[in-house]
Every structure is written in C-alpha cells, then in structure tokens.
Amino acid sequence: MNTASIPVGISDFAKVRAQGSYYIDKTGLIKQLLDARGTEIMLFTRPRRFGKTMAVSMLAEFFDIQKDSRSLFEGLEISHEKKLCAEWQNQFPVLYLTLKDVGGLAFDTAYGQLAYELAGLCRDHAYLGRDETLDIQERQQFLQLKAGEAGSTEVRNALRFLMKLMHAHYGRKVILLLDEYDVPAAKAESGHYYAEMMDVMRTMFSTALKDNPHLQFAVLTGCLRIAKESIFTGANHFVVNTVSDKGFRQFFGFTQKEVEQLLADMECEGHAEIIRQWYDGYNFGGMDMYCPWDVLNYVKKLKAGQLQKPENFWEHTSDNAVIGRFLSRTGFSAEEKFETLLNGAYIKERISENLTYDVMESSESNLWSLLYMTGYLTRVHKKELLSDDCLLEGETALRIPNEEVKDIFRKSVAEWFEKKAAGSDRRTLFAALWNADMDKLTGILSDLLFDTISYFDYRESFYHAFLTGLFSSAGYAVESNYENGLGRTDLVIKDRGNRRAAVVEAKTAGSQSTLEQECRKALAQIERNQYARRVQRQGYQKVLCIGIAFYKKMCLAKAESETMGSCLK
C-alpha cells in the first residue's frame, strides 16, 4: 500500500512534491505546450476543481529562472526530456498571478483587491526595485505599485510594466501565467459593476498580451471563455482550449487509468464502481474524465475510515445558484428538459463557447451553454445517442455527468419548488384540505404537479418531496416520515392554532386506471396502522386521514367518511 498522503485542498505543486504527497503525473503538459510554440497565448477553460491551479503552479516551478526545481520533477514524465529540460527548465522569468480573490460587492472593493494582488507581485519581485538600470520614474512607479498607491493608469498597465522590468533584468522574455482570469468578470456581473471592471481588465490584458515585446508566451486558465472582442482585443496567436477540444484533454482531471492506479496504490479497488458512478462522466474532447477534487476527497476519507457512502464534495466548492436562476426564469420553458436530464436521458441544445458574463442569462441557449462549460452538463458520446436519433448541425447532446451532479440538480429543483410554493397563494389548497373537499384538492394538486419538475421516474420519494414542499413554510408544522403508530406515515400537517391535523399517506399507481385502487390502499394503511392515534394523543381535536395516489403528473385524493370517522374516535 502506498503510504503517501492524499493532497486534498493543496494546489501548490512544489508543496505537494516536497512533502511527498501522492501526485498523478501531469507534467506531459509542459512538452505538449512547448510543442505548440507558435501559439503565443493559450487559454484553458475547465470547470472548477479540475486541476487548473495545480497545472499553472507546476508550470511556474518548471520555467522560473529564480528557482532550481530539478528535484521536484525528478522521476516525472518531463524529466526524461533531457534536451527540453536543458533548454527550458528554470531558464525564463515567470510572472505568475492568480485573480481568484479579485471581487467584492462593489467596484471599489474589487479594484482595491486587484491593486493588492499587484502589490504582492511587486513584493515577490522586490529585486526589480533595486535594479540599477531603472530610471527614477520607473523606480518610483514600481515602488508605488508595491505600496498599493499607484494610480489607475499604472494599475491597468502593471503587468506589461513588470514584464518590461523583468525582461531588462534577466535579458530574457517573460512567461506570463494568469490563473482564474475570469473570476473578476464573474464577480463583477453578480455585483452589478461589470462595465467598470471589464474596462480595467480589458486594458490590463490588452497591454500585457497584445504586441508585447517582453512576452515569451502566456498561459491563462478560467471556467469560461470570455468573448475575445470583449477582453482580448487584438491579441495575436490566441488559442483557446475548452472542454470540447481534444488537445490537452488528459491534463485536466483524472483519466480512467489514473484513477485505477490510485485505487490500486491505496488498496481501494473495491470502491471503483461507486467512484465511477459518482465522480466520472465528464467528456473532455471525447475522453471521459473524473473530477480530481472528488476522487481525492473520497479516497482520503476511505483511508481514514470516515466514509460509509458516496459524498457530494462538489456542491460546496461552486456557486450552484446558476441552476436556481435558470429555473426561476419564467420566460424559459425548461421544466421538461430538466425532467429529461434528471431521469438519466439527454437533451439537444445549441452551445456557444464564446460568451460574456453580462449576457449569460439573456437567453435559454446561453444558460445551457453555461451549465455545459461549468461542468453541470457534459457532452454525450455519439455512441450513446439513441439509434434513431441524430443531431442537427450546431446541436450538442447534453446529459448530467454523474450521480454527484445529479444530486445537486435534485437539491436545486427541490429548493426552487419550495421557494415557488412559498411565494404562491395556497389558500384554496389549504381550504380544500381542511374542508376535506377531495375533488377540489385533487384538481389543485394536479395543476401544481403539472407545473413542477419530476425525477426518479416518478418514484414515491418524488411525490413525497412534492407534498412536503407544498405544505411546508405556510404557518403549519409538517412532520415527514417519522415513526408514528405502527408504521411510518408520509406526512402529518398540523394546524396548532385550530387544533386540527391531517395525516397524509401517498402511493404511486402503475396506471391511471389504478389511481383509485392505490388511494384506497393508502387509506386502509392509515386505518390499519393507526397513524392518527399519536396525533390525537397530542391534543388535536380534528384529525383528517387522507390517501393520495399519483401516476406521473396525475393524482387522486380520497378521504372516505368511515376512515375519517375512525380517525376521530
């Protein structure tokens, strides 16, 4: 068994290697990147937690002229490329900046954070301020940037300025590494200062990347490809590698072979199928990939004996509000598509990989594109398409990649429905309930059911969640699936102020014609197991016993008089 620690939450390549943590070798990225040397600017877009920061950190350690990183790369794939290493390893000045923290509720806050990050870069390269070749103006500008006191013009041109100083100091052009380049734009859009932030970023990127004589090459990473004309105007030799591209596809995420080796090293092979179902399924350029963050978290917990079943690690690392925002857009008719996805099938949409954050939610197509680019949906392999199905020109078949993301969808749908129900006028619903008007209750529930999103192939758990969402947050206490009487009733709805309650048992029917039969079974179960007895003992004077049967988006509610009578005894 490999005793190396699992580096969860560590994206620093040097730290992972120096402390002997388990590392899946991705150094082949260096050779492939250098083989594409005609490309001056390379942008990699992948969902969060797919190893982008680790990759950039690795590049920085390999190229940085200030370091001697030979021991860190010893035994790794790139170390066998002797000629390449002699020419490139620790031979170039590197300017490495992450923009992951540049944001805030207002533009001034975000701009201040950007100035702070640039000041940190100057502190990392403090030797530049002591270079005797600097003139008085350059030295003053550097010191102002370092102190966070530079003006707007100096901040916007800071990257190019620092690259100029580094080029002069080392006599070699600079490799620029920008991680999470699109975070400022994403945070600016949610904070409603998008135009102001983009104005700053456009100048910063343009001066650093366009016709820059001090640039050797640049590597940028992010989640989305922002339209070139919006932020990279005029940048030459600009190549974007997205989740759809075959090149470099194996370097972001874990391949099947890599996961198998990890599980073998950690003696966890027996969990391979669970890991595949929950954390695999991302299609990058036609290759299935696992999410590294999830796999490493799962294996780490397995080794520590802390895990009994799969866990959703991804939902705490990303802003899942995008699904809720999608559902809340009443102008989009997406409910049926969400049902299709949640039930394991695929949808067909036109995807755009060239977007700007400010128009992300302006169309349904853009939102499907956003879900695709950020990993909530993935491309379906052609071999997985139905035999009689075909894609029109420009269409992409999309599905939910795995059980983990499907779990996020389910939770998002449940939250959306609860908010929607809470904001609706449910007085007629509760009037029908407390008056035992089952015909009216059936009609109201059927209308609401048609308007919601079903999943689990209409299993009983879906209908249970549907009813819970309707009756919760309306001033009533709702107890769900608790030990009651001789069994487990589905729902107990309590109106404490009026000392009345309703015991609800739900069933699923195999067809529309068997709805009434299942309704009667539910009522019989309530009476047989004496579900109402505990509620009566709590002092409720009126206890209604209601059976509801569901078939797809149809339902039937019954409360027979004799059963109601037994409840009231």
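## A cysteine to start with

Is C85 buried or exposed? C85 counts as buried, because its relative accessibility is 12% and the limit for that class is under 20%. Please keep in mind as you read on that this is a predicted model.

C85 has plenty of company among the nonpolar residues. It belongs to a core of 34 residues, which also includes M54, W88 and I175. This core is separate from the largest one, and we will come to that other core further down.

## The chain as a whole

Let's step back for an overview. The protein chain has 569 residues, and 54% of them count as buried. Its secondary structure comes to 25 helices and 17 strands. Along the principal axes, the C-alpha trace spans about 100 × 55 × 50 Å.

The chain exposes about 25,200 Å², with carbon and sulfur atoms supplying 47% of that area. As for contacts, take those in the chain with a separation of 6 or more: residues 24 or more positions apart account for 73% of them.

## The largest nonpolar core

In soluble globular proteins, nonpolar side chains tend to be buried together. Here the largest nonpolar core has 141 residues. Which helix gives the largest share of this core? That is helix α11, residues 194–209, with nine residues.

The residues with the most contacts inside the core are F205, L209, F338, W368 and L467. F338 makes a good place to zoom in. Setting aside its neighbours within four places in sequence, F338 is in contact with I323, F326, L327, W368, F409, V413 and I453. W368 thus appears both as a contact of F338 and in the list of residues with the most contacts inside the core.

## Two buried helix residues

V295 sits in helix α15, which covers residues 292–303. It is classed as buried because its relative accessible area is 0%. Beyond residues up to four places away in sequence, V295 touches F254, L262, I275, Y279 and Y290. The C-alpha atoms of V295 and V259 are separated by 7.9 Å, although the two residues are 36 residues apart along the chain.

E61 is found in helix α3, residues 52–63. Its relative accessibility is 10%, so E61 counts as buried too. Which residues does E61 touch, not counting those up to four places away in sequence? They are F13, A14, K67, S69, L72, F73 and N90.

## Strands β15, β16 and β17

Now for a stretch of sheet towards the end of the numbering. Strand β15 (residues 500–508) and β16 run parallel and are joined by nine bridges; in this pairing T508 stands opposite F550. Strand β16 (residues 542–551) is in turn joined to β17 by five bridges, and those two run antiparallel. Between β16 and β17, G547 stands opposite K558, while I548 stands opposite A557.

Strand β16 is mostly covered, with nine of its ten residues buried. Strand β17, residues 554–558, has two faces: C555 and A557 lie on the covered one, and M554, L556 and K558 on the uncovered one. The hairpin formed by β16 and β17 has two residues between the strands, and K552 takes a positive phi near 50 degrees there.

## The loop leading into β16

Q538 lies in the loop between α24 (531–537) and β16. With a relative accessibility of 38%, Q538 counts as partly exposed, because that class runs from 20% to 50%. The side chain of Q538 makes a polar contact with the side chain of K494, at 2.6 Å. Q538 and R499 are 39 residues apart along the chain, yet their C-alpha atoms are separated by 9.5 Å.

## Back to the cysteines

A disulfide is a covalent bond between the sulfur atoms of two cysteines. How many disulfides does the model contain? With a cut-off of 2.5 Å between sulfur atoms, the count comes to zero. C555 is a handy example: its nearest cysteine sulfur, that of C519, is 8.3 Å away, and C555 is in no disulfide.

C555 is on the covered face of β17, and its own figure agrees with that: C555 counts as buried because its relative accessibility is 6%.

Definitions and conventions: Residues numbered from 1 in each chain as written. Predicted model: local features only at pLDDT ≥ 70, side-chain atom pairs only at ≥ 80, totals over all residues. Heavy atoms only, no water. Buried < 20%, exposed > 50% of the residue type's maximum accessible area, 1.4 Å probe, protein only. Helix = DSSP H or I, 4+ residues; strand = E, 2+ residues; numbered from the N terminus. Pairing = 2+ DSSP bridges. Core = buried A, V, L, I, M, F, W, Y, C linked by side-chain atoms within 4.5 Å. Contact = heavy atoms within 4.5 Å. Polar contact = N/O pair within 3.5 Å; in protein donor to acceptor, adjacent residues only side chain to side chain. Areas by Shrake-Rupley, 256 points an atom, 1.4 Å probe, with all protein chains shown as cover.
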